[in-house]
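Reader: I would like a close look at a single part of this protein: the open sheet, what packs on it, and how that region ties in with the rest. Please take the aromatic pairs, the cores and the cysteines along the way.

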Amino acid sequence: MLYAQVAVNAPGAGQRSFSYLVPDELAHRVRPGHAVIVPFGARSFQGIVLQVTEEPDYSGKIRPIQSLTDDASVLSEALIGLGDWVARRYQSPLYAAYRPMLPPAFEGRQSVIVRVTEEGQAAADRASPLQAEVLDFVLMAGETTTTAIRDELGARAAREISALTGRGYLDASEVWERPRIAPRFETHVHAAIPMPDLLPKAAQLRACGAFRQADGLEALAANPGARLSDLRRLSGASRASWDALARDGLITMEQREARRDPLASRAAGAPTADRRLTPHQTDAVNRISASLTDRGHAVFLLHGVTGSGKTEVYLQAFRRVIEQGKKGIMLVPEIALTPQTVNRFWERYPGRVAVLHSGLSLREQYDEWRSIQEGLFDIVIGSRRAVFAPIPNVGLIVVDEEQEWTYKQESPTPRYHARDVAIERARREGAVTVLGSATPDVGTMYAALRGEIQLMELPGRITVSDDADAGAGWSERPLADVEIVDLREELLEGNRSIFSRTLRQAMSEALSRGEQAILFINRRGAGHAVQCRACGHTMRCRRCTMVMTFHADDESIACHLCGRRRRAPALCPRCHRRTIRTIGIGTERVADDAQAAFPDARVLRWDRDAVNEAHGHEAILAEFVDRRADILVGTQMIAKGLDLPAVTIVGVVNADIGLHTPDFHASERVFQVLCQVAGRAGRGHAPGRVIIQTYEPENQAIQAAAAQDYQQFYLLETQFRQRMGYPPYGRMARLICSRNSLRDAQMASEQLARALRSEIRSRGLMRTRIIGPAPAQRERLRGRYRWQITILADEPTEVLEMVALPRGWTVDVDPVSGG
């Protein structure tokens, strides 16, 4: 007999798998990676088979698998092992760890089918009026679902179903609905007679009065192998006419799977040639290639200043991978970066690139996922979830802008970091990982300097040379000049504009030369908050502690945590005076002021609010690249990785945003984003200039960013973290308790903190620290109060195993935000 270890998608399943008997009729079909339906408690749930053995892992009564949902496997053995690692490292339920790896819209929904029994048919007189109404509805339908009863008769009627079932009036059974997305097929038509005979045969049919059949053959002659739907539209022939042609042996019809390709609009022309490399680029590609040849796992940090040619290294490294018959994954931190990255890779590898991210429709994601699993593409490009792409035979995984916090999944569980998952996946599959950045994460550079990963440097900015005699195909370019403007002095001298005189003059000169400018502000909306000038009341979200942001587009205020939005008040809700004003600035305000300051310029805004369509990022980027806009205003998504040669001026409207958040990453974040946005200026042949506006010009992170001196910042930051025991000098885990009552959240947190401290003392774990409990940075979120406990330890997961976490707690291992 065979037994299967199954990860079950059920409440209470936790981090373990469960043993099930494989029925004889499924013995030759069930394999690791298959999706199944299994009993768990009194109900049935979906699960993933992780292992098939001849001996069970459980000595008690073992129940059988109920059904196999599909003969096709949804997980490879490599991904099964990776999912187990994700569950253990990030303290996630086992099935949840596999969820990011599964096909989009994979999980089916369970429905309850009800039918009226013979006893129920005779029970109308004994039932209540509402129960009789339910019985009549089900009887007329023959059988129906509880959902249909609720939709038609209301929630009160649906609550009577259990009583009717208990009395034997209704028979109920559970069924699993098909997934929302499944393979889609289309009918294609082919000639069953020689193609030259189609038109003469059409003429014969027309002479016999079969006009629509004749029209159909003429359309097929002009469009051989076309879809039936297209041929019907072109010819006007009905389905009956086509069926008649098939019966007469004139045509054949076949079903083909139809897949939506998000890159179908791109022409698969001749690939562009590789560019000649600088000596530093050549060394990097050769070192990656040597590791690929050795077929051993290696991790590289490619540290190169902005514009140093990291992407060209990636492109040529992928060529070496493909030449060895392997495939690769290219991760980018933002969906906004995907279009430009895809363009660069498509030019080099036309028709061999897939894209996978949440900006695609569910159908596009599903079809791409299946094509990737079947090995139809050599390179997958996507945001963090693409690290789990089902691509076979992985040889290389690149994590571009590896320092970005967007690689960390915040919610829902598993709260994984795509960079660390990429390293682990590559280790398991004998592949190479390349982490690329101009401003590496402090922990990544720390590992590189300790020799745990290999460091490669690209020290100079380069650009493609227009000089045919240059020979190298590239020329060196200086980094943009960076100037810090003290906004305190601007105020003292009477300038109350959001643009300093220096920035305004630099932009005016650049625009007059036909160049482009970027204005960066790391906050959306028209104002940071809405406040009453009379009583000082600030509008906050009723469900969160978040100050609501004003949006001028629709005169609304919005919570950027829970998404709650309402109309901006005209009167103060506290003192009822008309003294409401907006304070602070966001992208909308900056865009409006830029248009007012430069009325002849075309201003474009790029933030999450401006992107309202599936391909909005691509449309906004194309508009700016095509020079249909002069000034681009945006948040952090414009700071990363974009190559915009016509941009010569970058203005940081307020560099202080985020500098003093209660998070030990705060200075690092500000330094990184300032260096990144400064790297957008001067990437073409014209020199670049960056103006950083700040109220704290003496701040060390801002000073280091202005000097674009990573080494200076790294030394200062590691000294601080070593004193505090923060990562990379240990690891961190954050436990967050969420309760409806503030008192309950505080009491539960204090109780767990006491239990943790007691266990740590009893085990003599001197290097383990507990910080808190304390209110979380976002103390109230979606109506629930939140308190947190922070663990600092060499291995915080070992500490978490000491106590059982009650319900209502979430675990974030290696957090990247303040909570």
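**Aromatic pairs, sheet and cores**

Author: At 10% relative accessibility, Phe-45 counts as buried, the limit being under 20%. The model is a predicted one. Phe-40 is buried too, with a relative accessible area of 19%. The ring centres of Phe-40 and Phe-45 are 6.2 Å apart and the ring planes stand at 85 degrees, so this pair is edge-to-face. A search of the whole structure gives eleven aromatic pairs.

Another pair leads to the sheet. The rings of Tyr-446 and Tyr-729 have their centres 5.0 Å apart, with planes at 65 degrees, so this pair is also edge-to-face. Tyr-446 belongs to helix 17, while Tyr-729 sits in the loop between helix 24 (710–724) and strand 31 (731–739); the pair therefore ties together parts that are 283 residues apart in sequence. Tyr-446 is buried, at a relative accessible area of 17%, whereas Tyr-729 is partly exposed, at 22%.

Helix 17 (residues 442–449) packs on the sheet, where it touches strand 11 (298–304), strand 16 (432–437) and strand 17. The direction of helix 17 makes about 115 degrees with that of strand 11.

Now the sheet itself. This open sheet has seven strands in the order 13-14-12-15-16-11-17, and the pairing is parallel. Strand 13 (353–356) and strand 17 (454–458) stand at the edges with a single partner strand each, so one side of each has no neighbour in the sheet. On average, neighbouring strands of this sheet are turned by 20 degrees against each other, direction ignored.

One pairing can be followed down to residues. Strand 12 (residues 327–331) and strand 14 (residues 379–382) pair in the parallel sense over four bridges. Within this pairing, Ile-329 of strand 12 stands opposite Val-380 in strand 14. Helix 14 (residues 338–348) lies across strand 12, strand 13 and strand 14, and runs at about 160 degrees to strand 14.

Next, the cores. In general, nonpolar side chains of soluble globular proteins tend to be buried together. The largest nonpolar core here has 113 residues. Those with the most contacts inside this core are Ile-48, Leu-75, Val-421, Trp-606, Leu-735 and Leu-756. Helix 22 (residues 666–678) gives the most to this core, with seven residues. Apart from this core lies another, of 32 residues, including Leu-277, Leu-302, Phe-345 and Val-355. By their numbers, Leu-302 falls in strand 11 (298–304), Phe-345 in helix 14 (residues 338–348) and Val-355 in strand 13 (353–356).

Leu-75, of the largest core, shows what such contacts look like. Leaving out residues up to four places away in sequence, Leu-75 touches Pro-32, Gly-33, Ile-48, Ile-80, Tyr-98, Met-101 and Leu-102. Ile-48 is thus both a contact of Leu-75 and one of the residues with the most contacts inside the core.

Aromatic rings also group elsewhere: Phe-671, Tyr-710, Phe-713 and Tyr-714 form one aromatic cluster. Phe-671 falls within helix 22 (residues 666–678).

Last, the cysteines. With a cut-off of 2.5 Å between sulfur atoms, the count comes to zero disulfides. Cys-535 is in no disulfide; its nearest cysteine sulfur, that of Cys-572, is 3.6 Å away. Cys-535 is partly exposed, with a relative accessible area of 29%, whereas Cys-675 is buried, at 7%.

Technical notes. Residues are numbered from 1 along each chain as its sequence is written. This is a predicted model: local features need pLDDT of at least 70, side-chain atom pairs count only at pLDDT 80 or more; totals for chains, interfaces and linings use all residues. Side-chain values use heavy atoms; hydrogens and water are left out. A nonpolar core is a set of buried Ala, Val, Leu, Ile, Met, Phe, Trp, Tyr and Cys residues joined through side-chain atoms within 4.5 Å. Buried means under 20% relative accessible area, exposed over 50%, partly exposed in between (1.4 Å probe, protein chains only). Helices (H or I, at least four residues) and strands (E, at least two) are DSSP runs, numbered from the N terminus. Contact means heavy atoms within 4.5 Å. Two strands pair if DSSP finds at least two bridges between them. Axes are lines fitted to C-alpha atoms, for helices over the stretch in contact, and angles run from 0 to 180 degrees between N-to-C directions. Rings of Phe, Tyr and Trp (its six-membered ring) pair if their centres lie within 6.5 Å; planes under 30 degrees apart count as stacked, over 60 as edge-to-face and the rest as tilted.
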